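Please examine the structure shown below before reading on. The paragraphs after it offer a guided explanation for a reader who has not met it before.

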Amino acid sequence: MSVLYAKNTANHYRVARKKARQQPAKRMSVRVRFAPSPTGALHIGGVRTALYNYLFARKHGGTFILRIEDTDQNRFVPGAEEYIIEALKWTGLVPDEGVGFGGDFGPYRQSDRKAIYQKYAHELVARGHAYFAFDTPEELEAKRQAEENFTYNLHTRAGLKNSLALPADVVQQQLDSGAPVVIRLKVEPGQDIHVRDLVRGDVVFQSSELDDKVLLKADGMPTYHLANIVDDHLMGITHVIRGEEWLPSTAHHVLLYRGFGWEDTMPQFAHLPLILKPEGNGKLSKRDGAKFGMPVFPLAWVGKTPEESFPGFRETGFLPEATINFLALLGWHPGSDQEIFSLDELAQAFSVEHIGKSGARFDFEKARWFNQRYIQHTANTVLAGHIRPLAEAKGYRTDEAFLEQVAALMKERVTFLPDFVEQGYYLFEPVHTYDNDMIRKKWNPALRPAFEALIQEIRQVAPFEAPAIEEKVQQFMQENALKPGDVLPLLRLALAGTMKGPAVFDMAVVLGQAETVQRLQRFLEYK
RNA sequence: GGCCCGUUCGUCUAACGGUUAGGACGCAGGAUUUUCAUUCCUGUAACACGGGUUCGAUUCCCGUACGGGCUACCA
């Protein structure tokens, strides 16, 4: 971008602001939309797009809208819409308006707006900015086979079957016959199309490079291009925040706004950088989940086959807050060194200017770190609520007081929620795996009498609390000339089977006096 | 191929002409912890390349290389 362009951009904004002031009040409030297609599970990149839209709306006291773009009947997947809504609820990105959330600009599902698009498509034809085309997909495919870079545009349309090339009576006859017909955008040559992108600045396209995009398909449904312009206009969208893959077609979108005479209220655009694979080339795909052993979807998705089924952040044991925090920083930075943000804090700090321009690699290690941190800083009562269903599934006890104790003991040494009941299983059920190498290292048959005596001591401790137990054990070690290194590891092994874990005496308390004594005795038999 | 976008430690990124190029993850080392983890400290490591513009370029411009996206009656 040259200095001149930058200057022009600034000028443009000044003009735009001036215009905005002259517009009615309805243009003043921010309205953004998240517009996914229900073709399967919502990709994590889609969640990030939703997040940025949500944050932008919150930041500016605006409205966050969910619109379902289901104009491709062939790619429709049952359950996908429900999945999208559930994913938004789980992450806390709850729409103010949209499918399932009400609002005055509905319907918000594009398949329910079919008639609207047809009306506008025909209006565009009447205005001379679009035309009918009768070429079949097969014919076009043949053209592409025959010609390397075949494009439907002003150079080729004269030789194709459309209302611009065919005689009026033939066109009318085609129309009357009910033969398959599409409506295409008539791209006029010789125009510079400027897209003032909030993230990238001024992006220029030559209209002669653009093809005559299909606006209304033969099945009567609109393509994305038509539907998104009509809806954004009708729904009063002020800012379009979407993935970078849409940048090239934005030129067409600008042409559509012009064609409809809506350029004055055209939304501002912000194209987000893509999320890339952890390693190698290309953008993150659903297959990368299995490849790198990590989820790339917010929620698990159950497909028809195992290959079409995918794990989710939720099921892996991520807290939604950690997931959001992680995603927020993937392609955006707050302008400070702060790393930990609640949703509200993110909304406060958010600004489009701080969205990055280049693609961000999906860094699962960082995601792990966020989750670990969030678990550490989450209240035991809240954690208990997360642990309960996991414990239930394993048939473990689930009383509140106990689960809170488990949370307290384990929260500083787990990464994912299931770790509480997996790594810390010995808090719920008897030890099933002993670290035999460690036992060999620490056990000595000569220790047996002392160990038996110690069990008796522990049996006596009352009340059975950590300081009291510790005191008793300390005293015992002193009297028997034993070192902590001789005794403590054995106690730990007896209670947990492993050298990893919470402080021994804390564990003993959580297990309870009876269970502690029982485990010590069982250990004596085991070894 | 054409069009468009991008390029700072391994990764996420800060810097908006003058800095010992900052932070975080990861990794390494140390302290604390009679385990593990946490916590704390320290270290490691980057301006893709070549031309300009400028007193001075990571920063502005051009080019090259590399990466990415789009190129459907998919979104």
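The explanation begins with the chain as a whole and then turns to its helices, a strand pair, the largest pocket and some points of backbone geometry.

The model is predicted, and its chain A holds 22 helices and 12 strands. Along its principal axes, the C-alpha trace of chain A spans about 110 × 50 × 40 Å. The radius of gyration can be set beside these spans: chain A has 32 Å, whereas a compact globule of 527 residues would have a value near 24 Å. As for burial, 47% of the 527 residues of chain A count as buried.

Two helices may serve as examples. Helix H3 covers residues 80-91, and its 12 residues reach 16 Å from the first C-alpha to the last, close to the 16 Å expected at 1.5 Å a residue. H3 is mostly covered, with nine of its 12 residues buried. Among these buried residues are Tyr83, Ile84, Ile85, Leu88 and Trp90, together with Glu81.

Helix H8, residues 247-260, can be examined in the same manner. Its 14 residues should span 20 Å at 1.5 Å a residue, and the C-alpha atoms at its ends are 20 Å apart, so the expected and computed values agree. H8 is also mostly covered, since 12 of its 14 residues are buried. The buried residues of H8 include Leu247, His252, His253, Leu255, Leu256, Tyr257 and Phe260. After H8 comes Gly261, which has a positive phi, near 80 degrees.

The strands offer a further example. Strand E6 (residues 192-197) and strand E7 (residues 201-206) run antiparallel and are joined by six bridges. The connection from E6 to E7 is a hairpin through three residues. Within this pair, His194 has Val204 in E7 as its bridge partner.

Attention may now pass from these elements to the space between atoms. Rolling a probe the size of a water molecule over the atoms shows where empty space is left. Which residues lie nearest the centre of the largest pocket? They are Ser37, Thr39, His43, Arg75 and Glu245, which belong to a lining of 47 residues. Strand E1 (31-34), helix H2 (44-59) and strand E9 (239-243) are the elements that give two or more residues to this lining. H2 gives the most, with four residues. The space in the largest pocket amounts to about 1,500 Å³. By residue class, its lining divides into 22 nonpolar, 13 polar and 12 charged residues.

Finally, several loops contain notable points of backbone geometry. Where does the peptide bond between Gly106 and Pro107 lie along the chain, and what is its form? Pro107 is placed in the loop between strand E3 (97-98) and helix H4 (114-126), and the bond joining Gly106 to Pro107 is cis, with omega about -5 degrees. A cis peptide bond also joins Ala462 and Pro463, where omega is about -5 degrees. Pro463 is found in the loop between helix H18 (448-460) and helix H19 (466-479).

The loop between H19 and helix H20 (484-496) holds Ala481. Ala481 is not a glycine, yet its phi is positive, at about 55 degrees. Is Ala481 buried or exposed? Residues over 50% relative accessible area count as exposed; Ala481 has 68% and is therefore exposed.

Terms used: Residues are numbered from 1 along each chain as its sequence is written. Chains are lettered from A and ligands numbered from 1 in the order in which they are written. This is a predicted model: local features need pLDDT of at least 70, side-chain atom pairs count only at pLDDT 80 or more; totals for chains, interfaces and linings use all residues. Side-chain values use heavy atoms; hydrogens and water are left out. Buried means under 20% relative accessible area, exposed over 50%, partly exposed in between (1.4 Å probe, protein chains only). On a 1 Å grid over the protein atoms alone, a cavity is a set of points where a 1.4 Å probe fits but cannot get out, and a pocket is an open set with protein on both sides within 12 Å along at least five of seven lines; lining residues have an atom within 4 Å of a point. Grid points are joined across faces, edges and corners, and a volume is the space filled by probe spheres set on the points. Ala, Val, Leu, Ile, Met, Phe, Trp, Tyr, Cys and Pro count as nonpolar, Asp, Glu, Lys and Arg as charged, and the others, Gly among them, as polar. Two strands pair if DSSP finds at least two bridges between them. The expected span of a helix is 1.5 Å times one less than its number of residues. The radius of gyration is taken over C-alpha atoms; the globule rule is 2.2 Å times the number of residues to the power 0.38.
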